Structures are given as C-alpha cells and as structure tokens.
Amino acid sequence: MSSVTLGSRCGGDCKLITGPGTRGRREKEPAFVPHRPSSHTGRACREHQTTCFQAPGTTEAWRQRRTLPGSVLARLAAVVLLLARAFVCIALAKPHGLTASPLLLFANRRDVRLVDAGGVKLESTVVVSGLEDAAAVDFQFSKGAVYWTDVSEEAIKQIYLNQTGAAVQNVVISGLVSPDGLACDWVGKKLYWTDSETNRIEVANLNGTSRKVLFWQDLDQPRAIALDPAHGYMYWTDWGETPRIERAGMDGSTRKIIVDSDIYWPNGLTIDLEEQKLYWADAKLSFIHRANLDGSFRTHSRMVFPHRRPLPCDLRSTVGVGSVICSVHPRPQRLVQGLPETAAYRDAGAEEVLLLARRTDLRRISLDTPDFTDIVLQVDDIRHAIAIDYDPLEGYVYWTDDEVRAIRRAYLDGSGAQTLVNTEINDPDGIAVDWVARNLYWTDTGTDRIEVTRLNGTSRKILVSEDLDEPRAIVLHPVMGLMYWTDWGENPKIECANLDGQERHVLVNTSLGWPNGLALDLQEGKLYWGDAKTDKIEVINVDGTKRRTLLEDKLPHIFGFTLLGDFIYWTDWQRRSIERVHKVKATRDVIIDQLPDLMGLKAVNVAKVVGTNPCADKNGGCSHLCFFTPRATKCGCPIGLELLSDTKTCIVPEAFLVFTSRAAIHRISLETNNNDVAIPLTGVKEASALDFDVSNNHIYWTDVSLKTISRAFMNGSSVEHVIEFGLDYPEGMAVDWMGQNLYWADTGTNRIEVARLDGQFRQVLVWRDLDNPRSLALDPTKGYVYWTEWGGKPRIVRAFMDGTNCMTLVDKVGRANDLTIDYADQRLYWTDLDTNMIESSDMLGQERVVIADDLPHPFGLTQYSDYIYWTDWNLHSIERADKTSGRNRTLIQGHLDFVMDILVFHSSRQDGLNDCTHNNGQCGQLCLAIPGGHRCGCASHYTLDPSSRNCSPPTTFLLFSQKCAISRMIPDDQHSPDLILPLHGLRNVKAIDYDPLDKFIYWVDGRQNIKRAKDDGTQPFVLTSPSQSQNPDRQPHDLSIDIYSRTLFWTCEATNTINVHRLNGDAMGVVLRGDRDKPRAIVVNAERGYLYFTNMQDRAAKIERAALDGTEREVLFTTGLIRPVALVVDNRLGKLFWVDADLKRIESCDLSAAHPCARDNGGCSHICIAKGDGTPRCSCPVHLVLLQNLLTCGAVCLPNQFRCASGQCVLIKQQCDSFPDCIDGSDELMCDADPACSLLETRFPAGEAATATLAAPFLPDACQCQMC
C-alpha cells in the first residue's frame, strides 16, 4: 500500500490512500472539503476576500468579521463541527499570495475525520466513529451533511455536523454490494455512486429516493467518481481489465473515454474546478496525474488543494424538485427527467417487466426501454430471495426467502409487504401463481413437498409429498389445469400433475443434470427448461413429446428462467448476467452484465391477463380451495378440514383415525370420504407409538430411529421434540390429559417414565422388575397405568399412576400389543402377535374373551364408540368390527404398509375429571393421579417438600460422562436411578467438572471445545474453542475448577501446558510449561492452594504438585505408575486419589499436613496465608507493616518516635521517663542502655556494626544500632 502521510503525529489513521497492492478494491478514498459559500453570502464574502461558511440565521456583525487569529486557524476542523446558527464568513489572511488552507475530510475504515491540511500539527477531529468499513466520503456544505459509503454494511449513510446529538442515517441500503465511489452534487442535491461488484453507476436524491441506474453496461469495476456540476459532467475511474477514466453528462448522456493509456489502478479522482483540471492517483505507478478535463495535456503532478465553485442559487432552485430525478446535462444547461422509483408502471406506460430476485433485493427491469432500466423494490429484510412470480390482477410480487424461511409478497412499487407463510418451511424454492383460481404454489427442497395456499396465505394444503427428492422450479397452466415441476435430486426428472396434485406422471427423466429453470409457452404449448449441469436450454411439447435442444453454448450455470413473448430469459450465476434468446431464431443477447447474486426471474406483462377457467367465478363454488383439472373442477380442503358429501364445503371433522406408517403420520375420516391424508409433519423417521391431547389439539409420537418423543399441532405445524435425551427404543406412549403429563415405555432402557407434556420434570417411575415394556394405556379418572411386557414371561400389568403398587393382571398371554381402554364399558383390548388374536378383559384382567381369532397379522388397535379398529400387516389394511362380537367387519383403508399405531381422535376419548385437573393439584412439578386422589411428584433426583409441595434440587450427586452423554446419579439411593441430562451437542465427552456455586456443568468435547450449561441444558456457553483461539491446534484434555478464584484450569495435549481461563471465558494465560512436560489429568485443591496433575513424560509417568501459579513444583510419585488417567482430591479425608488405567486400580495418598494457619493462626498477629510449601506467611492490613520478626504487624513510626514491642509508636522523649507510655510497658525496659536505641537494638561504635545492622535514619552518624 502506497500512501501520502499527512504528518508524523497522525499515526495510522491519517493517510491519503493512493492505492493498495491488490488494486485497491476497498481502500478508502479521501475527499477534499473545499469551502462552498452559498449564493446568499457569496457577494459579501468576495468583497472582503473571506472564506464563507453557511449556516442558518446570521447577524450583520458576523458577516463583517474578516480575520482569524492563528490559533483559531489551527482549529478550523473544530469550527466546522460546531457551526454556529448563523452565516459565518471567516476571513483568512493570504500572505505572499498563498491560497486559503483547506479542510480535509477522509474516511479511515472505522471513522470519518476532518483535518486542517495546512495546519502545523495536523490533528484530526472525528466526525463519526464506530463504523464497519467506511470507503468513499463526500459532503454537502449548505446542510452540514457528510455522506459516506460502507462496503461491509453495503450502505450509503449520512450525518449532520451542525446538529447536536445527530444520529447516523441510512440513505441507500438496498441493492448495494461494494459501493466504492461517492460524489455529492451540491447543486442538484443528488448523490452519485459507483459499485464495483454490481458494476453500476447510480444516482438518487440526497435522501435516497428517486434512484436511477445511469450506467450498467461496459463497466468493469468502476471506482472513484467526481462531478463538475457547473458544466454538467461526471467523471469516473474503472480499474477492470481495461483500466480507464471516463466522462459523461450527469444525466448519463455523451459518455466518452478520456484516458485509457498508461493507466493501471486508478483509485482516487478529483477536479480542480477553478483551474478546470482533473487529478487522479494510480496505485500501481505510485504517481498523481493531472490532465485537462477532456484528458489532454496529461502530466505528473503533486497533490494540490482544489476548490469547488458553487453555481448560482437560481439554477439550484430549479433542480431536484418533485419526485423525479433532475440531472444536469452538459452545456448548454438543461434539465433531464428520469423515471421516479415510486411511479406506477402502468401510469408510466411500461407494460413488459422483468422481475428479478437477487439475494438481498428485488428488482424490476423495464423491457419497454432500450436501456433496460432496473429499479430496486423498497422492501426490507430480504435475506436470501430465491424464486419470484407475479399476480397481474392485484399487482402483487411473490417471492420465496430461503434464509428467513418464508413466502412473502409486496406490490410492484415495494409497498404493502406481507409475510404469507413462515411455518413448517425449510427451504422454499420454486413459486408459481395461479392467477385464475387465486392460489399460490411452491416447492420446498427441505421438506420435499409441493404445497398450495390461497394467494393471501390461507387454506394451506400439501399436494405432493412422496417420491420427491429435490423439487425445484414449478410452473402452472391454469387453462389446462396442469402443473409442471423439476426435481434435481439423485434421479433428475421433470414431472406433470393436475393442479390438485393428482394424476402425476414423469415427462422427462433422461439426460438431465440440474434442471433449475422451467418456463411454459401457453400459446404454443411448449415447455422449456434450463439445465445448470448439462449447460443446455431444451424444449418439449407440454405432453412430453418432441424434445430438442434450443441452446447449448456458454451457459455455465443457469438458475432463474422465464418466458415472455418470443424470448426466453435466464440468470447465470457464473457469468453474473441476465440474458435472453429468441425461442425460434435462437438469437441471443445480454440484458444486464456483471451483476452478482442473481437468483429467480419472472417476465410478465403487468397489464395483461391471459386465460380463465371455472375457478374464476366465485371460486368455483368451493368454500376454500378450487382446483381446475383437465377432467373437472374440484374443491380442496386445507390441513385439518374435510370435504362434505356436497364436494364443495370443508368442515372440521368430529372424529378421525390417526395412524403411524414409518416416516409419516396419516389421518382417515370416519365421517366423510376424504381418506388417508398425510399430516404435514417434518423430520419424522420411524414413528412408532402415537397419542393426542384434544384440549390443545396436539399430536404426540415416538420415533425409534431418532430416539425422540415429539409433538405438533394436528395441522402439522410447530413440530418440536419433547424428549430427546436418554431414550433408546420408546415403543409405548400415552397422554395423561387430566394431569397434563406424558407417560412412555422404553424397551431399550427397560423403564417407564413420566414428564410434563412439554418434557419438563422428567421422572423414572418404574425401572425394576421390567422385561421389555411395550404398550401403555392410562385411566386418569381411576388413577391407573396399564402396560404390556414382551420379555421372557409376557404379561399385562397395572400400577398406580405414580408407579407404585404394581400388579400383574394377565400372565397367560403372548406379545400383547396396542393396549386400549374402552372407558365407557371399562374393558381392556389388545392384539396378540403370537396368537394373531384380538382379546378383551375387564379392568382386572378377568372376564377375558376373544374378539377375533382368524386374522393374519393384527398389530395396531384402538376403540371408539361401538367399534374396534385394527391394522393388519399381512393384509396391509385398516379394518373395523363390532367391539363385543367382532362381527360386521368393514375395510376402512387398504394398501398400507407397516402401520405401527392407530387411534381415534375424538373428545370422548379424553373425558372426565380428577384431582390434577385443577391447578395441577397444587403441585410444584408433577401431579400424579392415584386411586382416590393424587400424589405430587418431582423430577428424578429432586426432593419433595411435603409442606409446600415444591421440589428441591439434589445437593449430593455423582456426574459421569459417556461418549455422547453426561449422566447424574445419587449415590447410595436405591430409589433413584441414573438419568441422562438434557445437554445438547455432546460428542466424545472427555472430561467434566461442576461449579457448585453457579450450578454449571463444564466439559471437554471431542471437537476441542470447553463448554458449560445448566443441568437442564439451559444457558449453554462455549468458554474456548479452536475457532476462538489464535492457536487452533489446542487440544483440551482435562479440566478442574477453582471455585474460590472463579477460574478454570485445563491441560492441553497439543501444547503440553496447563492453562487458566476465567469462568466468564476470558483467557488468563499459561501457568505451567516445560520442555519435557506432558500434563494430562488435573485437579485443583483450592482450599490448600495447590494443583495436582499427571505428567506423562516419555520414559515414566509422574504425579506432581504445584502452586496455583505453577511455581513450587514437586514430584509426588514416579514409581508404581503406568498410566494414571484421573485425579481427585478429598479434603475431608485429606487424600489424593488416582486411577491407573493399565494397572486397573484406584490408589491414594495422604495430602500434606494440616493447614499451616489452623494452629495459633500460624503465629501471625493479624493475617495468616498458607504458602505453597505448606508453611504460613504472615501479612498485615493496609495501615500496618510487618515487623522484622515477620510475625507481628505494627504502625509506621515517624523518625522522632519509638516503636513499642506491641507495634505502638510513642515519642522518643517518652522512653525511659519512668512512666510506661507503651501499652506493654516496653518503653521503660532496658533503660540502662542507650536511650537512642529501641528495645530490640543496642548501640555500637561507628563502623563496628555487624553486617546485619539496621541504621535508624535519625541517629547521629557516630553511632549505629544493631538488633540484639
């Protein structure tokens, strides 16, 4: 980076950047701030040869002021920041013909500053600080406004200097990528800027409105920009493949290259308006060049300070009026009006429009204008737009956003933005508007579905959910009643179906790669697509015949794809372009070039509506969704509703069957013919048990593949995991709708557990004497839980709902499955997989009867009203029969595979009351029903307080880690089994510790992170990770917490060090490092101030001890060790324990003796501190000093005072005066000795004192005192 330094005191923040070694893409551009007097004050100032600063509200006295002292001149930048509320004319003396000293306004990445470039000290004043990456800068003097670009925030911003507390304002925030150049037209009140990523030059009003693109073609990284409003010209540099400087009218006319030779990296650009010269800096040549404004008479030059000349106010008053862009044209001066950004296209006459989705903005491009003017829609919060479409009736633009996972819409001018769908969406991709039936279709590559809603986002329905891999583009043919879509999954294909998703068939499934784009020619009956892998544009008839290639040259990555009239338009990711080809002639041209982040595309005629069908007339008579198909007009219902027999009206069904079938959960109507509708649930792998909560309209299911229990609303929304830790094979589950609890049986862990419906307060109810518990059923009214076991001795068991009083009801049974209760008749039903029968008994297991004994393979079972419903794996069916006789069998649904569980969703299945129904039975956590009442329960390891019915956390417990889990158990408590804690993201846990003060668990995982969280998984925090460290090779091995100093010590395998972090995550440093050290296991003994660690040196392992700062190291053991892997300290027993993995034994040793301060305070008069070697060290409060005996604290005595043995100070003249002034009387002892010596000193002749003497400074030179 070459630079011109403004002064030695500027440091790194005051440089005029003239070019980087990487061609200066985002280096910062300084801009000179010439004084711009207004036309109101220009005459008065010129008469007095002064420099003028304009501010509102002046006085004549201020106008007459002519000179400034030199000290004020040095603070000129501060004057600008504190503009008076007046017109201020400041006279600057001009000795020896020198020009006035200019102010320099410059951006320095993190701030914008002002400096007096002619001053001596060159001290700068900060205009605005705390910026991300400020690049270009300019100003408008009359308003006191400073403008700058920020390439990190992709924005143009402003601040006012003459307003106290003025806030930074966004001027332009959409459609920018790398705004590198900026220039303010102080006459026309407009901003001009360049963008080296979008390769555009744009203009807007000073507030960002009426934005217009001036140039977008033949630009290759435009950089600096400068204006000459007096003559109507703009100048800019371009440092692309063919570097150059260009000039054009400020309205975009008369573009011309003025410099294109001997130019390489032209970064800075400025104009001397007075001398009519152009200056630029070339970063490669490290020169500053000068030329005439037409590029002639080019010379090398040093930096000068140009001035910008204001234009008359009569011209300024005529520009920038209204909502149109008024630009100065090169002389002769005239005003040119451009399209306003907020003008309606129909009013302006523009009909054919290209709608473009970029990652962070939406644009409309007029196809009616030869320059293809594009305008950014003023829509906020676009994160990652993908596809785009348009409704010509209401004028809405629709788009999908992959990052916010939503489908949104807004009017063509950007107003009226709405979010239509934002639930149960993973990766919304393609989108299509049925402008006739008023429906909206979209594809989702995350859920692998095609769905539909009304155009306002209501009445959502899944149309296609099976055999989809990566559905991408989608187009509709409302007149024919068909939809087409592409799938670029493992087996790419293009498919077709009716608009209701039925009669689906494949059109193309050969020679496809990544079919991204899809377009319909409604008039010609053709279907076009673009393939980003085969790099082709192909076409077929809409029936799949006559496939041919239209274009296959220079198509590196097609994405967006659309058709209008005779042209096909597409976006190309690699070429960063929008192109088109004639669908018959195959002639090709570029619409927009060098525009990054191009996504979806839609070409429309905003004033033309094509085609109709019966759905256009009162929605086809449908209450919700209307689908026109080739054979008929059909009505459809959103999720959760069913169609009545009139085939028009959707209702909420009273009762329906719900069943699990591997990766899906379906519902079947018991009242209408709307059968087998998949509930749109995401993330289901292998659903097993099933139940519901009718009061909250929730469905619950277990997933034996994911090892989770989940829930969602019956319409499929709000899917969430309720239990996701400590499950192995959860095959039984039941909802306690009265106590709002969830029960489940796990055949893998051999446990029956309970928790609240949201997963809180989990408790293990039964874990002894269980043998593969399978199916669960609850009777909350009576307070009983029933389950089946599939172990060596299958049985049916009953217990209280708190897990007590277990009782075998049926023991002569096979593998009983899907236990079901008939609450009205108080009967139990189950299927027997060994006998292939359906049986029933009373609630005590007696009066047992066979309902059906001729079934091939009954599996799932449920009961409702007078019927039982069951699934048969061999018949692949769901059937119904009378619940008492098994007669009147009816086939409900066929062609079903491996239905696991089945139930009837109806309010009668969840009726009744018990003690837990109201206010949770006054229980703090769990209310568990029992016969005749209830019992309050707590989460496992918590203790119930009988008086308050609240629960207390455990105070003594054992934490232990497994590969991907951390568990807790209560030692010596036979009634409390171990429990896996709900800690997320555990992978290869290597070490754990616990902070009893803040109740955090700390651990080291296999990704070299040290993390912490509460025992319920909340408040997770990463203390240190390789990504946060300057040393990415760190490998934490073990850790230990000092609870007193709130620090964490940990050993590192990579650096062979012991490190310390504060518990807030701040690194403190390394406390132990040696050339041959390999510390591994570690434990801190905070009470005694030691840390113990294993040192796994090459030849032999050691156990060592050191002070907490790593000093006072001592080897404790070197023999009898092979591989000690863990250490622990028991201060109560005074023991150090360790485990030797190779010797397979636990050993211990005594710690050092008792605490050195425990006896007689270590002999200290005040404060006793234990040293690392086990000895005491005395210390004193701040107002005392430690005496020479290193035990006693005393006051600091003055030179004319005597120190008593107690540490007290008295006057020397009071010593040996026969009156005890010291509280211990020490001032009257040894009075026969020299009174000038203290009690503990004696006098020696000068020069004869021993080497250990301590001279009192107030004694005469002839004598010295030495300690006795």
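Tutor: Let's start with a word we'll need: a contact means heavy atoms within 4.5 Å. This is a predicted model, where local features need pLDDT of at least 70 and side-chain atom pairs count only at pLDDT 80 or more, while totals for chains, interfaces and linings use all residues. Residues are numbered from 1 along each chain as its sequence is written, and side-chain values use heavy atoms, leaving out hydrogens and water.

Student: OK, what share of the contacts with a separation of 6 or more is between residues 24 or more positions apart?

Tutor: Here we set aside contacts with a separation under 6 and look at the rest of those in the chain. Residues 24 or more positions apart account for 42%.

Student: And how many helices and strands are there?

Tutor: Both are DSSP runs numbered from the N terminus: H or I over at least four residues for a helix, E over at least two for a strand. The chain's tally is six helices and 108 strands.

Student: What percentage of the residues is buried?

Tutor: With a 1.4 Å probe and protein chains only, buried is under 20% relative accessible area, exposed is over 50%, and partly exposed is in between. Out of 1268 residues in the chain, the buried part is 54%.

Student: How well does the chain score, and which residues stay under 50 in pLDDT?

Tutor: pLDDT is the predictor's confidence in each residue, from 0 to 100. The chain averages 82, and 83% of the residues score at least 70. Where pLDDT is low, the predicted coordinates should not be read in detail. Stretches under 50 include one with 47 contacts beyond four places in sequence, residues 331–349, and one with 52 such contacts, residues 1235–1268.

Student: Are Y784 and Y786 buried or exposed, and what kind of aromatic pair do they form?

Tutor: Rings of Phe, Tyr and Trp (its six-membered ring) pair if their centres lie within 6.5 Å; planes under 30 degrees apart are stacked, over 60 edge-to-face, the rest tilted. The whole structure has 16 aromatic pairs. With 6.3 Å centre to centre and 55° between the planes, Y784 and Y786 make a tilted pair. As for their surroundings, both Y784 and Y786 are buried.

Student: Which residue lies over the face of F559?

Tutor: A charge sits over a ring if NZ of Lys or CZ of Arg is within 6 Å of the ring centre and within 35 degrees of the ring normal. Y867 has R880 over its face, at 4.1 Å from the ring centre. For F559, also at 4.1 Å from the ring centre, the residue is R472.

Student: Where does UniProt put the EGF-like domain, and how much strand does 915–952 have?

Tutor: The unreviewed entry puts "domain: EGF-like" on residues 614–651, 915–952 and 1156–1194; such annotations may be inferred rather than shown by experiment. In 614–651 the end C-alpha atoms lie 23 Å apart, with 0% helix and 32% strand. In 915–952 the ends also lie 23 Å apart, with 0% helix, and the strand share is 42%.

Student: Which residue is 5.5 Å from A616, C-alpha to C-alpha?

Tutor: A616 sits in the loop between β50 (598–605) and β51 (625–628). A616 is partly exposed because its relative accessible area is 45%. Its partner is 179 residues away in sequence: A437.

Student: What value is phi of D381 near?

Tutor: Most residues other than glycine have a negative phi. D381, in the loop between β29 (374–376) and β30 (385–391), has a positive one, near 60°.
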